[in-house]
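Here are some worked exercises to try with the model open beside you. Take each task on its own before reading the solution under it.

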Amino acid sequence: MKRQGILHPQLNKLIAETGHMERLVVTDAGLPLPEEVNTRVDLALKEGMVPFLELLDTVLEEFSVEKVIMAEEIKEKSPDMAKEILKRFETIEVEYIPHVEFKEETKQTRGLIRSGEFTPYANVILVGGVVY
């Protein structure tokens with residue numbers, strides 16, 4: 001039995017298989033999960049479970065990030081969430097794109113991890129970095 005870290009086997013596998021420059025998406029409960037992406041880890045149980053920031057922090061404990069992509073709309077619609085997300089990426093490039101484009105970009109990712117978050121636009125595309 002695994003002693004610590006992420007216990008969810010599918011999430012462990014997704015993180016372990018994602019390489020440099022490949023993308024993972026951590027989403028709120030409402031973002032459409034594109035059928036083109038084979039690996040979808042849905043952790044949404046009910047509103048607020050699993051919270052987006054808790055899920056993001058857990059993923060970041062085990063996944064190296066080189067760049068983050070977020071929807072431009074988060075700045076206006078959910079500024080408090082945007083600030084909390086940015087705290088986690090102070091030294092990492094952050095790119096903003098329109099939400100319509102963001103949804104299209106999710107189709108080109110290795111996998112999606114869905115939270116139970118109900119805060120609008122609480123979604124990030126994490127571009128894999130390297131640990132050396």
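A first note before starting: this is a predicted model.

**Exercise 1. Find what the buried residues of H1 pack against.**

Step 1. The buried residues of H1 make contact with three strands: S1 (23-27), S2 (39-42) and S5 (111-114). They also pack against helix H2 (52-60).

Step 2. Now name the residues involved. Helix H1 spans residues 9-17, and its buried residues are Leu11, Asn12, Leu14 and Ile15.

Step 3. Look down the axis of H1: these buried residues fall within an arc of 165°, so they line one face of the helix. The general background helps here: an α-helix has 3.6 residues a turn, so residues three or four places apart point the same way.

Step 4. Turn to the face of H1 that points away from the buried side. Pro9 and Ala16 are the exposed residues there.

**Exercise 2. Work out the strand order of the open sheet and say which strands stand at its edges.**

Step 1. Six strands make up the open sheet, in the order S2-S5-S1-S6-S3-S4, and the pairing is mixed.

Step 2. S2 and strand S4 (93-97) are the edge strands; each has a single partner strand, so one side of each is left without a neighbour in the sheet.

Step 3. From one strand to the next, the twist averages 20°.

Step 4. Place the helix on this sheet: H1 packs on it, touching S1, S2 and S5, and the direction of H1 makes about 135° with that of S2.

**Exercise 3. Describe how S1 pairs with S6 and with S5.**

Step 1. Begin with strand S6 (residues 124-128): four bridges join S1 to S6, and the two strands run antiparallel.

Step 2. Check the register on this side. Arg23 stands opposite Val127 in S6, and Val26 stands opposite Val124 in S6.

Step 3. Move to the other partner. S1 and S5 pair in the parallel sense, over four bridges, with Val26 opposite Ile113 in S5.

Step 4. Finish with burial: S1 is mostly covered, as four of its five residues are buried.

**Exercise 4. Decide whether Leu56 is buried or exposed, and list what Leu56 touches.**

Step 1. Locate Leu56: this residue belongs to helix H2.

Step 2. Apply the cut-off. Buried means under 20% relative accessible area, and Leu56 has 0% relative accessibility, so Leu56 counts as buried.

Step 3. Leaving out residues up to four places away in sequence, Leu56 touches Val26, Arg88, Phe89, Val124 and Leu126.

Step 4. Compare sequence with space for one pair: Leu56 and Ile113 are 57 residues apart in sequence, and their C-alpha atoms are 9.3 Å apart.

**Exercise 5. Do the same for Thr106: is this residue buried or exposed, and which residues does Thr106 touch?**

Step 1. Thr106 sits in the loop between helix H5 (99-105) and S5.

Step 2. With 1% relative accessibility, Thr106 counts as buried.

Step 3. Not counting residues up to four places away in sequence, the contacts of Thr106 are Val25, Leu31, Pro34, Val37, Leu112 and Ile125.

**Exercise 6. Find how far Lys75 lies from the ring centre of Tyr96.**

Solution. Lys75 lies over the face of Tyr96, at 4.1 Å from the ring centre.

Note on methods: Residues numbered from 1 in each chain as written. Predicted model: local features only at pLDDT ≥ 70, side-chain atom pairs only at ≥ 80, totals over all residues. Heavy atoms only, no water. Buried < 20%, exposed > 50% of the residue type's maximum accessible area, 1.4 Å probe, protein only. Arc of directions from axis to C-beta. Contact = heavy atoms within 4.5 Å. Pairing = 2+ DSSP bridges. Axes fitted to C-alpha atoms, helices over the stretch in contact; angles between N-to-C directions. Lys NZ or Arg CZ within 6 Å of the ring centre and 35° of its normal.
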